[in-house]
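Reader: Got a minute to walk me through this model? I'd like to start with the sheets and then hop around.

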Amino acid sequence: MAVFLTSAAKEKPEFKYCLELVEHINLIGSVPIRNTGTIAGNLSIKNEHKEFPSDLYLILEAIGTKITIAESMERTIIVSPEEYVNINMRNKLIVNIILPPKDPKTHLVRSFKIISRAQNCKAYVNSSFVIELNAERTHIESAIICFGVINPNFTHATETEKFLTGSDILTNNNLQTCLQILSNELKPIWTLLDASPEYRKNLAIALFYKFVLSFAAECNTTLRSAYKSGGYKIHRPISTASQEFDTHQKRWPLTRCIRKIEALAQTSGEAKFINDLPRMPNELYAAFVLATEVHADIQNIDATEALNLPGVIAFYSVKDIPGQNDFMPFRDLEPEPEEIFCSRKVLYHGQPVGIVVAETFTLADQASKSVKIAYIHTREPILPTVREVVGSDCKSVRIIDTNHGFTGGKYNESTEGPVSLSGKLELGGQYHFSMETQTCICVPIEDGMDIYSSTQWVDLVQVPVARMLNIPESTLNLQVRRLGGSYGGKASRSSLIACSCALAAHLTRRPVRFIMSLEANMSVIGKRYGLISEYDISVSSEGKIQRLHNRFAHDSGSSYNETPFYINNSYPNCYTDEKWKIEAFNALTDSASNTWCRAPGSTEAIAMIETIMEHIAHATGRDPVDIRMNNMAEGSKMLELLPQFRLDVRYDNRKQEIKQFNDKNRWKKRGILIVPMRYPVGYLGVLHALISIYNGDGSVSIAHGGIEMGQGLNTKVAQVAAHVLGIPMELVSIKSANNLISPNAVCTEASFTSEAVCYAVKKACEILLRRMEPLREKYNYDSWPSLISEAYKENINLCASYMYQ
């Protein structure tokens with residue numbers, strides 16, 4: 001389509017505006033989607049779903065496109081896109097789509113799409129504008145003003161179009177009147193997945209103003225130079241970069257820059273994830289049945305309709321669990337039990353009450369929605385976010401104090417400085433968005449069960465499954481090859497899915513595959529903790545903190561489990577905290593129990609203190625880097641590193657260049673920021689490594705307790721083993737993690753696992769080398785395979801294990 005429109009624009013001046021359409025179309029979906037999809041298909045989605053924010057519909061409506069529809073073999077009708085979306089298209093067919101010619105001397109066409117990324121992303125707001133001028137270009141003959149993502153029934157800003165017709169928009173009075181009219185008729189509705197109505201309304205008005213600036217430039221109207229860049233779209237050039245590695249060849253492959261060992265398999269689609277396991281005989285698919293009435297008590301569950309569907313095998317709920325109904329067994333870490341299936345009171349919308357198993361994935365999903373749940377309702381208020389809890393009458397019982405804060409040694413002695421500031425920071429939750437949703441396959445075997453769980457923490461799957469089924473942990477065989485992303489979402493929450501899947505497999509005695517849909521995954525699984533932080537600070541004229549008091553409350557979700565207890569280690573970041581007082585609270589909300597998400601706790605802590613540093617810089621008028629350095633402790637390594645980094649990146653020169661650019665541009669701005677970060681790494685638990693060497697060719701297999709989830713753990717392990725043993729990396733093979741070679745292994749998280757596993761591998765390699773040292777001293781072997789062959793003949797143990805602790 002883009003090729004066709006580009007060709008038309010080049011060959012015929014009256015279709016020059018098609019270049020504007022091409023630019024917008026290139027922001028729709030991605031290249032594969034655009035190559036696969038069709039114009040009629042896109043418009044058909046809009047016809048069926050008025051809320052669909054179709055970019056094609058918007059730009060085609062604005063330029064006056066006509067759509068020919070065949071109602072029968074003899075009858076056709078011609079309609080506009082706006083008329084088309086209201087037509088019942090049953091037994092009708094789109095014949096063609098006709099784009100009108102437009103004289104480039106009198107017509108101006110512009111369209112905008114504000115998105116968070118360049119591909120595969122729906123717009124916050126999209127818009128398309130067409131203005132027809134008189135021959136002298138002194139006033140507007142007609143105007144088309146279209147917006148998307150306002151509400152499903154809104155396309156044209158008709159009152160604004162009427163006002164513009166016959167007027168000169170390039171006068172301040174007319175512009176202000178027009179903006180007011182537009183503001184009055186833009187009435188965005190609230191929807192769950194869209195940005196706030198206030199934001200979308202202001203964004204739509206801003207896009208219209210951007211169009212006016214562009215229009216003014218086209219008409220050669222006198223315009224302040226600082227305003228001109230506001231009318232242009234931002235065109236980012238292709239980014240270029242280079243990296244230089246300091247390396248010591250004697251230490252290769254340890255310090256060699258190499259490709260991740262799974263990279264080719266992953267990018268070619270050959271890497272196997274859990275759902276790539278071949279379908280087994282008699283295998284069933286599972287889906288959760290979810291509660292929808294928060295704070296209600298479950299009175300009855302009726303699965304009759306679901307079970308009557310051909311291919312639906314069973315429905316299981318809390319009454320079918322033979323052991324403990326709790327997937328959070330470690331009380332030192334998770335003080336509260338969390339139910340696998342809701343037994344009575346519903347804590348949040350989307351809480352599982354049971355599981356359906358059926359012959360196909362689609363059937364299981366369909367059947368799960370056919371289960372009827374009867375509730376006894378209560379009048380408790382529903383408070384799904386920390387903001388609503390803080391502002392409610394329930395905060396005294398919903399918010400608990402924690403020991404996650406601290407008071408500096410000199411806080412009580414601190415005095416007020418000349419500058420006092422107060423502020424508030426609110427952080428929302430964040431969905432993990434791993435490409436692989438929560439996944440588990442359970443296979444009953446003669447002496448127990450094989451479990452393939454998409455988990456970061458094998459032990460936290462093994463323990464609750466065993467307790468739920470009332471069977472020994474030793475009868476469960478867990479294996480994890482790799483995860484399709486996680487970011488913390490599969491650290492603990494994976495045990496809920498594994499328990500449910502294992503129950504179904506145990507009761508049916510058939511293999512069960514539980515692949516959560518994206519929608520169910522977002523309903524059932526908690527997100528990053530939201531947070532509200534309020535602070536009062538007193539600083540010197542140089543911006544050094546004299547006294548800081550910060551109170552913050554985390555959004556725990558429906559339980560206080562997994563609160564970021566380590567946040568107090570991250571909050572000070574690189575600064576001296578002796579005059580600080582930090583009070584930490586957890587708020588119980590009516591949403592899924594929130595969980596760890598990429599740098600949990602430390603992300604929120606650094607966001608809080610760095611927001612304060614920016615506030616101080618703004619209030620005192622001093623450079624943010626200077627403010628940060630003024631608050632660092634004497635002797636801090638960062639005081640040595642940061643000035644050199646400042647010089648290396650030309651911070652001060654670039655800051656001056658940015659200031660000059662910003663002074664010349666009212667609407668387009670640039671910025672630069674340096675934020676230091678200290679990331680503490682601590683001990684979390686044990687991890688094993690097992691190394692086996694084979695006598696035939698000297699090749700090496702390694703299994704360990706870490707979970708590969710994209711971070712390159714296995715590549716580091718192979719590098720370390722090859723370096724310590726003195727062999728090529730090609731001889732090293734990394735096997736799946738399992739609970740036999742690494743029992744009781746700690747969770748793979750917090751950026752410590754790679755180094756911990758590598759340490760265990762190093763020690764295991766050294767054990768093997770010590771065993772073979774007498775042979776090396778006795779004989780001068782010319783190759784690794786010959787050494788291994790001789791070691792085998794001497795009955796030297798070529799398998800070694802080491803536990804990192």
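Author: Sure. One definition before we start: two strands pair if DSSP finds at least two bridges between them. Also, keep in mind that this is a predicted model.

Reader: Fine. Which residue in β23 is the bridge partner of I691?

Author: I702 is the partner of I691. The strands there are β22 (residues 687–693) and β23 (residues 700–704), which pair in the antiparallel sense over 5 bridges.

Reader: What's the strand order in the open sheet of 4 strands?

Author: The order is β24-β23-β22-β26, and the pairing is mixed. β24 (732–734) and β26 (799–804) are at the edges with a single partner strand each, so one side of each has no neighbour in the sheet. From one strand to the next, the twist averages 20 degrees.

Reader: Which helix packs on that sheet?

Author: Helix α25 (residues 753–778) does, touching β22, β23 and β26. The direction of α25 makes about 140 degrees with that of β26.

Reader: OK, and the sheet with 8 strands, what's the order there?

Author: That open sheet runs β9-β10-β7-β18-β15-β16-β17-β25, with mixed pairing. The edges are β9 (312–317) and β25 (737–738); each has a single partner strand, so one side of each is left without a neighbour in the sheet.

Reader: How many bridges join β7 to β10?

Author: There are 6, and β7 runs antiparallel to strand β10 (residues 352–358). One detail from that pairing is that L290 has P352 in β10 as its bridge partner.

Reader: Which strands do α16 and α17 lie across?

Author: α16 lies across β16 (448–453) and β17 (476–480), at about 150 degrees to β17. For α17 the list is β7, β9, β10, β15 (439–445), β16 and β18 (512–515), and α17 runs at about 30 degrees to β15.

Reader: And how do α16 and α17 pack on each other, at what angle?

Author: The angle is about 40 degrees, and the axes are 9 Å apart. Angles under 35 degrees would count as roughly parallel, so α16 and α17 are oblique to each other. The crossing of α16 past α17 is right-handed.

Reader: Which residues meet there?

Author: From α16 you have L460, V461, P464, V465, M468 and L469. From α17 you have S494, S495, A498, C499, A502, L503 and H506.

Reader: Let's stay with L469. Buried or exposed?

Author: L469 is buried, because its relative accessible area is 4% and buried means under 20%. Leaving aside neighbours within four places in sequence, L469 is in contact with P322, M449, A502, L503 and H506. L469 and Q324 are 145 residues apart in sequence, yet their C-alpha atoms are 7.6 Å apart in space.

Reader: What about A505 in α17, buried or exposed?

Author: A505 counts as buried, at 0% relative accessibility. Setting aside neighbours within four places in sequence, the contacts of A505 are C442, P444, M449, R510 and V512. The C-alpha atoms of A505 and T38, 467 residues apart along the chain, are separated by 43 Å.

Reader: Switching topic: α8. Why does its end-to-end distance agree with what you'd expect of a helix?

Author: At 1.5 Å a residue, the 14 residues of α8 (residues 172–185) should span 20 Å, and the end C-alpha atoms are 20 Å apart, which agrees. The 22 residues of α9 should span 32 Å, and the ends of α9 are indeed 32 Å apart.

Reader: Which residues of α8 are buried, and what covers them?

Author: L175, C178, L179, L182, S183 and E185 are buried. What covers the buried residues of α8 includes β6 (140–148), α7 (158–164) and α9 (197–218).

Reader: Last one, the backbone oddities. Where is the cis peptide bond?

Author: The bond from W252 to P253 is cis, with omega near 5 degrees. P253 sits in the loop between α10 (225–228) and α11 (263–267).

Reader: And which residues have a positive phi?

Author: Among them are N220, which follows α9 and has phi near 55 degrees, and N282, with phi near 65 degrees. N282 lies in the loop between α11 and β7 (284–290), and counts as exposed at 55% relative accessibility. R650 has a positive phi of about 55 degrees too. R650 is in the loop between α22 (637–648) and α23 (651–664), and is partly exposed, with a relative accessible area of 39%.

How values were computed: Residues numbered from 1 in each chain as written. Predicted model: local features only at pLDDT ≥ 70, side-chain atom pairs only at ≥ 80, totals over all residues. Heavy atoms only, no water. Helix = DSSP H or I, 4+ residues; strand = E, 2+ residues; numbered from the N terminus. Expected span 1.5 Å × (residues − 1). Buried < 20%, exposed > 50% of the residue type's maximum accessible area, 1.4 Å probe, protein only. Contact = heavy atoms within 4.5 Å. Axes fitted to C-alpha atoms, helices over the stretch in contact; angles between N-to-C directions. Parallel < 35°, antiparallel > 145°, perpendicular 65-115°, else oblique. Left-handed = near helix turned anticlockwise from the far one by under 90°.
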